[in-house]
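Please look over the structure below with its fold, its salt bridges and its nonpolar residues in mind. The report takes these topics in turn.

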Amino acid sequence: MAPLKEFDAAGTASAANGNEAPQLDEVMEFLRLLWAVDQGLRSTSKHMETTLGLTGPQRLVVRLVGQYPGITAGGLAEILHVHPSTLTGVMKRLQKRGLVERRADPLDARRAPLFLTQAGQGLSVPAEGTVETAVQRALSRVPKARLACAQEVLTALAEELGVGNAPLSFDGHGEGAAPGEDTAGVVAAGLAPALGLAGTRPGREPAP
């Protein structure tokens, strides 16, 4: 990668610190790392669509429904920190492909619990080349104490950014998302429960 350039008073570009890597403050360095992760998520999601037939967000929904059979769309949205309406496009495509099905709840007509079909169950198993396997390998190299600290930082950042307080695009092929955008960064929100890496369990589910 070419060194970053800075402009002097005359408007001419010069390499920052010659051939040395530029020194960033802690905020900019953290943002740089987040950017790298986001780009990796987007790239892996596109690769998954080619090899598995599912984007990262779609596979995440399949994994979560497989982890919590009977969960509602509202319950999924709660785990993923998105508005329930943003899952509409994802759910429609998964249902159309026969991977996820809604069943009537005999005790509550307002609920529509979600279950994987047999085809969906076949895609809910660990697979190479997916986001979650990359995360699992990375987490296996980090001591648990450091993982807890990283989780605290990401949680604080999510809270500061107000994640979950407003509708967010979840899948680039879904409703309301800009064409070609995957918003793959949202994938990370539900990776831990999907992999069983944390004790998170769906709480009180909002109405679907």
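## Overall fold

In the protein chain, 62% of the contacts between residues at least 6 apart in sequence join residues at least 24 apart. The model is predicted. Its protein chain holds eight helices and four strands. Along the sequence they follow the pattern β-β-α-α-α-α-β-β-α-α-α-α.

The protein chain has 208 residues, and 32% of them are buried. Its accessible surface comes to about 12700 Å². Carbon and sulfur atoms account for 57% of that surface.

## Nonpolar core

The largest nonpolar core has 21 residues. V61, L76, L87 and L94 have the most contacts inside it. Two or more residues of this core come from each of these elements: helix 2, helix 3 (73-80), helix 4 (88-96) and strand 4 (114-116). Helix 2 gives the most, with five residues.

## Salt bridges within helix 1

The count of salt bridges comes to six. Among them is the pair R32 and E29, whose side chains meet at 2.6 Å, N to O. R32 and E29 are three residues apart in helix 1, so about one helical turn separates them. R32 is partly exposed, because its relative accessibility is 43%. E29 is also partly exposed, with a relative accessible area of 28%.

The side chains of D38 and R42 form another salt bridge, at 2.8 Å, N to O. Both residues lie in helix 1, four residues apart, which is about one turn of the helix. Is D38 buried or exposed? D38 has a relative accessible area of 15%. Buried means under 20%, so D38 counts as buried. R42 has a relative accessible area of 27% and is partly exposed.

## A salt bridge between helices 2 and 6

R59 forms a salt bridge with E132. The closest N and O atoms of R59 and E132 are 2.5 Å apart. The pair links distant parts of the chain. R59 sits in helix 2 (residues 56-67), and E132 sits in helix 6 (residues 131-140). The two residues are 73 residues apart.

How accessible are R59 and E132? R59 has 2% relative accessibility and therefore counts as buried. E132 has 6% relative accessibility and also counts as buried. Salt bridges that share partners join R59, R63 and E132 into one network. Helix 2, which holds R59, is also the element that gives the most residues to the largest nonpolar core.

## Nonpolar surface patch

Which residues form a nonpolar patch on the surface? They are L24, V27, M28 and L31. Together they have about 350 Å² of accessible area.

M28 lies in helix 1, which spans residues 26-51. Its relative accessible area is 42%. Patch residues need over 30%, so M28 passes that cut-off. M28 still counts as partly exposed, because exposed means over 50%.

## Summary

Helix 1 carries the salt bridges R32 to E29 and D38 to R42. M28, also in helix 1, belongs to the nonpolar surface patch. The bridge between R59 and E132 links helix 2 with helix 6. Both R59 and E132 are buried.

Methods. Residues are numbered from 1 along each chain as its sequence is written. This is a predicted model: local features need pLDDT of at least 70, side-chain atom pairs count only at pLDDT 80 or more; totals for chains, interfaces and linings use all residues. Side-chain values use heavy atoms; hydrogens and water are left out. Patches are made of residues with over 30% relative accessible area and no salt bridge: like charges are joined within 9 Å, nonpolar side chains (Val, Leu, Ile, Met, Phe, Trp, Tyr) within 5 Å. Accessible areas come from the Shrake-Rupley method with a 1.4 Å probe; for residues, only the protein chains shown count as cover. A salt bridge is a side-chain nitrogen of Lys or Arg within 4 Å of a carboxyl oxygen of Asp or Glu. Buried means under 20% relative accessible area, exposed over 50%, partly exposed in between (1.4 Å probe, protein chains only). Contact means heavy atoms within 4.5 Å. A nonpolar core is a set of buried Ala, Val, Leu, Ile, Met, Phe, Trp, Tyr and Cys residues joined through side-chain atoms within 4.5 Å.
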